[in-house]
Amino acid sequence: MAPIISVRNLTKTYANGFQALKGVDLDVEEGEILALLGPNGAGKTTMISIICGIVNPSGGEVLVDGHDIVKDFRVTRAMIGLVPQELTTDQFETVWNTVSFSRGVHGKKANPAHIEKVLRDLSLWDKRDNTLRELSGGMKRRVLIAKALSHEPRILFLDEPTAGVDVTLRRDMWKVVESLRASGVTIILTTHYIEEAEEIADRVGVINGGSLLLVEEKDELMAKLGRKQLILDLVEPLANLPQRFAGNGLSLEPDGLRLVYDFDKDSEQESIAGLLTRLGQEGIHFKDLSTRQTSLEDIFVSLVGGSK
Ligand SMILES: Nc1ncnc2c1ncn2[C@@H]1O[C@H](COP(=O)(O)OP(=O)(O)OP(=O)(O)O)[C@@H](O)[C@H]1O
Ligand SMILES: [Mg+2]
């Protein structure tokens, strides 16, 4: 199946000469959830804005469902819903009008039942007659999401949708995202809450300094770069790691009181049981035992050099 979004050698140099995108290639499959991770200034919003037709590309090509985003702007824009990073809405309009109007802007016939569903899903129904300036910051963000969904887009961009919002809204949002995914909507999101990406995304892209460093299935990325460790707190400090245990993923921390064992997830039961038995036979006893697993966040930090 052809990708729903195809980005080829995309570059962007802003008017002041700053190069925000340096030749990005990316295919997005229909129906997937792709999380774009990257530190501040990486180029995430720039890329999203280009695909949505808000910012002009300097070079390269973007096709949305086979249509060029520059030549066929109206066609591609109508397929896309965008929840922008910045709050930009008319403060004096009501929630209902703002969201309904947005549907019309994208060339869709009025559909009050759909608008009602969107507002209910985002817990905005009670506020439908309030003007936007009467809403809290988190509620305004909900309105942005409602606007983006007003015209039933096939593709939804969520640019930092959960920045500065409370736990309830995040939950509501991820519920909405799940049900959109179930209905076949393609979702591209950016977030600085990497645990969210870890939970929700099918694939993860990492962007830094205007270049896409990698795009991979989340599970494969975790399997490839993720590690598991067993940590043993010892009863008695060890001066050195006995030679018999060296070179097997086992290391002794400098204080001599903790052994850290990097183990292979595929054979974890056996190898741990074996190690514990051998340690016991050597008279090395531990008083506490725990495991830790590399998170997507650890992987991200190691990829972008901790500049997040
Ligand atoms: N209009 C503009 N003119 C000049 N430079 C810009 C403009 N907009 C963005 N930039 C620069 O382009 C780079 C990428 O910005 P962008 O907003 O795409 O980053 P981002 O990955 O979305 O970051 P964040 O996580 O902070 O939202 C930044 O260095 C930014 O300063
Ligand atoms: Mg941004």
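This briefing covers the magnesium site, the surroundings of ligand 1 and the setting of strand 11. The structure is a predicted model. Two protein residues, Thr-45 and Gln-85, supply donors to the magnesium ion (ligand 2), and both names recur among the closest residues around ligand 1. Strand 11, at residues 228-234, is largely enclosed by the rest of the structure.

**Magnesium site (ligand 2)**

- The protein donors are the OG1 atom of Thr-45 and the OE1 atom of Gln-85, which lie 1.9 to 2.2 Å from the magnesium ion.
- These two residues are 40 residues apart and link distant parts of the chain: Thr-45 belongs to helix 1 (residues 44-51), whereas Gln-85 sits in the loop between strand 6 (80-83) and helix 3 (95-105).
- Thr-45 has a relative accessible area of 30% and is partly exposed.
- Gln-85 is likewise partly exposed, at a relative accessible area of 31%.

**Surroundings of ligand 1**

- Ligand 1 is surrounded by 14 residues, of which Gly-41, Lys-44, Thr-45, Thr-46 and Gln-85 are the closest.
- Helix 1 contributes 3 residues to this shell, the largest share.
- Sorted by class, the shell holds 8 polar, 5 nonpolar and 1 charged residues.
- The side chain of Asn-40 places a polar atom 2.8 Å from an oxygen atom of ligand 1.
- For Gln-85, an N or O atom of the side chain is 2.8 Å from an oxygen atom of the ligand.
- Ala-42 takes part through its backbone, where a polar atom lies 3.1 Å from an oxygen atom of ligand 1.
- On its own, ligand 1 has 640 Å² of accessible area, and the protein covers 67% of this.

**Strand 11 and its partners**

- In strand 11, 7 of the 7 residues are buried, so the strand is largely enclosed by the rest of the structure.
- In a regular strand, side chains alternate between the two faces of the sheet.
- Here, Lys-228, Leu-230, Leu-232 and Leu-234 point one way, while Gln-229, Ile-231 and Asp-233 point the other way, and all are buried.
- Strand 11 runs antiparallel to strand 13 (residues 258-263), and 6 bridges join the two.
- Within this pairing, Gln-229 stands opposite Asp-262 of strand 13.
- Strand 14 (residues 286-293) also runs antiparallel to strand 11, to which 7 bridges join it.
- Asp-233 of strand 11 stands opposite Asp-288 in strand 14.

Terms used: Residues are numbered from 1 along each chain as its sequence is written. Chains are lettered from A and ligands numbered from 1 in the order in which they are written. This is a predicted model: local features need pLDDT of at least 70, side-chain atom pairs count only at pLDDT 80 or more; totals for chains, interfaces and linings use all residues. Side-chain values use heavy atoms; hydrogens and water are left out. Donors are N, O and S atoms within 2.8 Å of the metal (3.2 Å for Na, K and Ca); water is not among the atoms, so sites may look incomplete. Helices (H or I, at least four residues) and strands (E, at least two) are DSSP runs, numbered from the N terminus. Buried means under 20% relative accessible area, exposed over 50%, partly exposed in between (1.4 Å probe, protein chains only). A residue is near a molecule or strand if one of its heavy atoms lies within 4 Å of it. A polar contact is a pair of N or O atoms within 3.5 Å; within protein, one must be able to donate a hydrogen and the other to accept it, and residues adjacent in sequence count only if both atoms are side-chain atoms. Accessible areas come from the Shrake-Rupley method with a 1.4 Å probe; for residues, only the protein chains shown count as cover. Ala, Val, Leu, Ile, Met, Phe, Trp, Tyr, Cys and Pro count as nonpolar, Asp, Glu, Lys and Arg as charged, and the others, Gly among them, as polar. Two strands pair if DSSP finds at least two bridges between them.
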